[in-house]
Amino acid sequence: MDPIRLLLELAPIAGEEARGAFVAGRLPGARRDGVGNVFAGEGRVLLLAHLDTVLPPVSPRRSGERLYGPGVGDNTSGVAVLLSLPEIPGVVRGFTVGEEGLGNLRGARALVAALEPEVVVAVDGYLPGVVDRALGSVRFRVRLLGPGGHAWGDRGTPNPVFALAEGLAALHSLLLGEKEASLNASGLKGGEAVNAIPQEASALLEVRALEAPHMDRLFAQAQGLLQEVARRHRVELVLEVLGRRPAGNTATEALRRAAEEALRSIGEKPQFQAGSTDAGAAVERGIPALALGVYRGGGAHTEEEWVLPQSLVEGRRALLALLKALGVG
C-alpha cells in the first residue's frame, strides 16, 4: 500500500475507535483486543504505531510541499507507514490506543504483555531520529479546596486560586535550570465569577526526567512544596497521580546497529535521543526496544503541525531495512 495515500485518507479521521476501524479494514488478519488496539501477524518483533493524536484532527491543507494539520505527523504518518508494509513473517504490526495525553501507554502495555515479543520498535517521530532511551514521567492532578464566598463580604477567606498560583511558581523555580528534567502545567481551572471566591482551583502537571530516581525525587519535592503552600494558604490539597511512564534504556548494541543500517539505506545517520514513546512499555519489562522516526516534519502537538508527504516513502524504506537488519523481512 502507498503510505502517502494512506496518510491522506487517515489524516481527517478523529478518535481512536474510528482510526482503529480504518486500520482494521486495511490490515489483513486484523484482530482487536479489549482496550481498542488493532494488530496482525505472528513473530518475535513487535512494531507499534499509536492511533491517537494530541489535538483533534481536521482535513489537512497543502502549502507548497508541506501538508498541514494537527496530528498529521504524530502519529498519523507513523500509522500510515506501518500500515503500508506487507505481511512479514516474524513481525507483528500493532496499532495502539492511549499513547498521548493521559493514556498512560495503556495500548502498548496491553500488547507487550499479551504478545511477549523479543524486540519492540515504536514507529513514531521524525527522520532520522532514533529514541533509544525512554524518558520517564509522572502525570498528576492538583486540586486546592477552600470554603469559597463573596469577594467582598467574605474577604480574607482562603482563595485556592492564589494558592495554586504560588504553588505553580514554586514548582517552576524548583525545576528552573534543570537540564535532565522538565515540568509542564496545563488545564488550569478555578472559579466561575469575578465577584466570588472560588471553592476550588486545579491544574494538570507533568514531571519528566531521564533517570527514574531523579524523577521520583523531583516528584517528592513537588509534593512537599504543594503541601507547604496549601498549609500556608489554609486550603486543602488533593493530589492524584494520573499516570507514570518508565525511564531507562534497553536498546542493545545490535538494535542500535540495525537502526544505523536502516538509516544508512536512505543516506542518513541516526540521531539517537531520549523520548517518550510506546517503546517505554517494553523498556519497563526489560525487552530490547527503541523508536524509529519515519517522516520529516515539525510543529508536533500544535495546530500548525506539518509533514513532507514524500518523506513517508523514505520512512517506509528505512523501516523495511531495519527489519532486514534484525533478521526478519
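**A short tour, starting at H214**

Select H214: this residue is buried, with a relative accessible area of 14% (buried means under 20%, with a 1.4 Å probe and protein chains only). The model is predicted, so local features need pLDDT of at least 70 and side-chain atom pairs pLDDT 80 or more, while totals for chains, interfaces and linings use all residues. Residues are numbered from 1 along each chain as its sequence is written, and side-chain values use heavy atoms, leaving out hydrogens and water.

Show what surrounds H214. Beyond its neighbours within four places in sequence, H214 is in contact with E178, E180, A181 and A209 (heavy atoms within 4.5 Å).

Now colour helix α6, residues 212-233, where H214 is found (helices are DSSP runs of H or I, at least four residues; strands are E, at least two; both are numbered from the N terminus).

Add helix α5, residues 160-175. The axes of α5 and α6 come within 9 Å and cross at roughly 150° (axes are lines fitted to C-alpha atoms over the stretch in contact; angles run from 0 to 180 degrees between N-to-C directions). That makes α5 roughly antiparallel to α6 (over 145 degrees).

Select the facing side chains. In α5, pick residues including F162, L171 and L175; in α6, the residues met include L218, L225 and H233.

Move to the sheet. Four strands form an open sheet in the order β4-β5-β18-β17, with antiparallel pairing (pairing needs at least two DSSP bridges). The edge strands are β4 (61-63) and β17 (297-298). Finish on β4 and β5 (residues 66-68), which pair over three bridges. There, R62 has L67 in β5 as its bridge partner.

Key:
Buried < 20%, exposed > 50% of the residue type's maximum accessible area, 1.4 Å probe, protein only. Parallel < 35°, antiparallel > 145°, perpendicular 65-115°, else oblique.
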